[in-house]
Structure formats: C-alpha cells, structure tokens
Amino acid sequence: MIDSNDLAPNAGRTTAHSGKHEKGCERVGFVGLGDMGGPIARRIAEKGFPLTVWSRRSNSLDALDPGTFTAADSLRQLGQSADIIGVCVFGDSDLQEVVLPPNGLLATMAPNSILVIHSTVSVAVCQEVAAAATLRGVHVLDAPVSGAREGAKRGRLTIMVGGDRDILRRVMPVFEAYGSVIRWMGPTGAGQRMKVLNNVLSFGNGRLASVAIETGERLGLDVESVVDVLSSGSASSFALRSLVEKLMPDPGFADHASAMVEKDTRIFQEMCRHAGVPVTALENLAVERIDNMTPHLGVNSSEAQS
C-alpha cells in the first residue's frame, strides 16, 4: 500500500512560470479548472511545480494567481509541454474529447509522460484511454478524488489510484500537493471502481438525511431545530452537512449535483452488473437520490399528529 501523510484555441492570457520544484523538474499540465480542478491546479502551482494549463474559457484561469502558470493555446500544445498532465472534466465524452487523438492530448504527449485521470468516468472509457496511450508509450493513472472543493483548497483530498504502482511513485510528489490520503487500488480502472462506491455510499447517506428531515417535520418538530440537532449529534455526516449547507440553500447547485449523482450512479450500476453484483439497498438509495436531492417539506404537522 502506498500512502502519504475544451478543444478550441485558448483565448486567455499567458503568464510564464520559470520556477523549478525542489523535489525535481517534472513539468505539470492541467485541464479542467472547475469546482475541483481549479483548487487542485492552484495547489500544484503553490508547491512550485512548473505548471501549464489549458481552458476553453479564459475566465477559468482566474482560479490561478498570475505569474504561477503558463496558459497553452491548444490541447496539442499542452501535450507537448508537460511530463505529467492531470485531467479533471465532467464525464466520459468530455474525457474522450480532451484526451484522444487527433486533437486531444495524446496526439502530442511524449513517450514516458503520464496522463492522470482525475475525472469520475466509466472503467470502459478509462481502459479505452489507456489503450490509446499505450500506442504512444504514455502511462495512464486513473486517480479520481474525494473531499469536495474545500478539501482541494486545503490539500486534504483522498486520491484513489488505478494503474502501475511504479508510475504512482513517480507522481506522488505532485499528488501530495493536494492529497492527504493516497491509495493504490489496483490496475487501471480500480480507482474509478473505488470512487463510485464511495460516491454511492455518500448518495445513500444523503437520501437518508433527507428522509430524516422530512420525517421530523411530519412528527411536528421544528425543521430548523431538526437540522441543527442532526448536524451536531451522532447522526451528523459529510452528506448531511452538504445537504443543509449547500443543497438546501441553493436549488441551482442542487440541480447540478443531481446530474452528477445520476452519472455516477449509472457508472456504479454498469460496473456492478458487469461484475455480477446484485442490486442492494445502497444502489436503491442512490437511485432515489437522483430525483430527491433535498427534503420535500411543507407537510402540515398538525395533520400528521391528528
């Protein structure tokens, strides 16, 4: 066990970074400067790695401090510019578009360079990318992350890695910039299997938290007090805190989260059927969560007590 304590030309600015990392001179590239990718890339730059990024939208570069990175004009240019490239995009089709030839990163990545898949995607697409990378002599690690944006900002992410353990050792100094728990899970695709299992358990916890709040209202309890007690007592969880702090106050964010839940649950179901794993309560709760991101409140508590 190894442990540790977007294809259009970029219209954004380019700011050069000339520093070298004290542990080596690996050049790092990054694609996907969104909710998670932005803070990850920022941590990489703060640790002094020479960083090159690419983004469809120039305003995504605002996630980084000027002078700490170089902005590539294209994915092909980024592929030529880095020894290790991390990709943190939404799903299967996004990863294929960003990575696969003729216009993706693999068209120009050098032999013995490393592609790191931080996205949560299907095992099949991970293996498709790995097969294409092998033709160029490029190594692939699937390394999805958990810990949310705050974990990325604090460098406290959990990173689940599938692929060659020797390649993981080479990437560890980069991973340690933003991860505090880094685990090798097995061969290519194993990181994705662990990530969707982790996510589906979180989705199930979130669904149960919603049901608990709904039940509290039906019992005639003050909803705000129900939330306070559940959040501070033995029933508290990451999923519950996310529910009451992010999803309930922000319906727009809840809609976005629902799309993620649907994607990851579908990947989990496909993975389980392929492995002959029967349907469990865990899967059923995750499926329920897709259309029930927040509690359905508004029941007349006096009717519930009559």
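This passage describes the overall makeup, one helix, the salt bridges and one pocket of a predicted model.

The protein has 306 residues, and 49% of them count as buried. Its secondary structure comprises 12 helices and nine strands. The accessible surface amounts to about 14,000 Å². Carbon and sulfur atoms account for 52% of that surface.

Helix α8 spans residues 223–232, and its buried residues are Val226, Val227 and Leu230. Viewed along the axis of α8, these buried residues fall within an arc of 95 degrees, so they line one face of the helix. The face turned away from the buried side carries exposed residues. These are Glu224, Asp228, Val229 and Ser232. Val229 is thus an exposed residue of α8, whereas Val226 and Val227 are buried. The cover over the buried residues of α8 includes two other helices, α7 (190–218) and α9 (238–247).

Charged side chains add a further set of contacts. Side chains of opposite charge can pair when their charged atoms come close. The structure contains 11 salt bridges. One of them joins Arg27 to Asp83, with the closest N and O atoms 3.2 Å apart. Arg27 sits in the segment before β1 (28–31), and Asp83 in the loop between α2 (75–81) and β4 (84–87), so the pair ties together parts 56 residues apart in sequence. The two partners are covered to unlike degrees: Arg27 is partly exposed, at 33% relative accessible area, and Asp83 is buried, at 19%. The cut-off for burial is under 20% relative accessible area, so the value of 19% places Asp83 among buried residues.

A second salt bridge links Glu46 with Arg42. Here the closest N and O atoms are 3.3 Å apart. Both residues belong to helix α1 (residues 37–46). They lie four residues apart, about one turn of the helix. Arg42 is partly exposed, with a relative accessibility of 29%.

Glu283 and Arg273 also meet through their side chains in a salt bridge, at 3.0 Å from N to O. Glu283 lies in helix α11 (residues 281–290) and Arg273 in helix α10 (residues 251–275), so the pair ties together parts that are 10 residues apart in sequence. Glu283 is buried, with a relative accessible area of 3%. Its partner Arg273 is partly exposed, at 38%. Elsewhere, salt bridges with shared partners join Arg42, Glu46 and Asp65 into one network.

Helix α10 also takes part in a pocket lining. The second largest pocket has a volume of about 180 Å³. Its lining includes the charged residues Arg193 and Glu270, together with Ser122, Gln127 and His274. The remaining lining residues are Val123, Ala124, Ile267, Met271 and Ala275. Two elements give two or more residues to this lining, namely α4 (123–134) and α10. Helix α10 contributes the most, with five residues.

Technical notes: Residues are numbered from 1 along each chain as its sequence is written. This is a predicted model: local features need pLDDT of at least 70, side-chain atom pairs count only at pLDDT 80 or more; totals for chains, interfaces and linings use all residues. Side-chain values use heavy atoms; hydrogens and water are left out. Buried means under 20% relative accessible area, exposed over 50%, partly exposed in between (1.4 Å probe, protein chains only). The arc is that of the directions from the helix axis to the C-beta atoms. Contact means heavy atoms within 4.5 Å. A salt bridge is a side-chain nitrogen of Lys or Arg within 4 Å of a carboxyl oxygen of Asp or Glu. Accessible areas come from the Shrake-Rupley method with a 1.4 Å probe; for residues, only the protein chains shown count as cover. On a 1 Å grid over the protein atoms alone, a cavity is a set of points where a 1.4 Å probe fits but cannot get out, and a pocket is an open set with protein on both sides within 12 Å along at least five of seven lines; lining residues have an atom within 4 Å of a point. Grid points are joined across faces, edges and corners, and a volume is the space filled by probe spheres set on the points.
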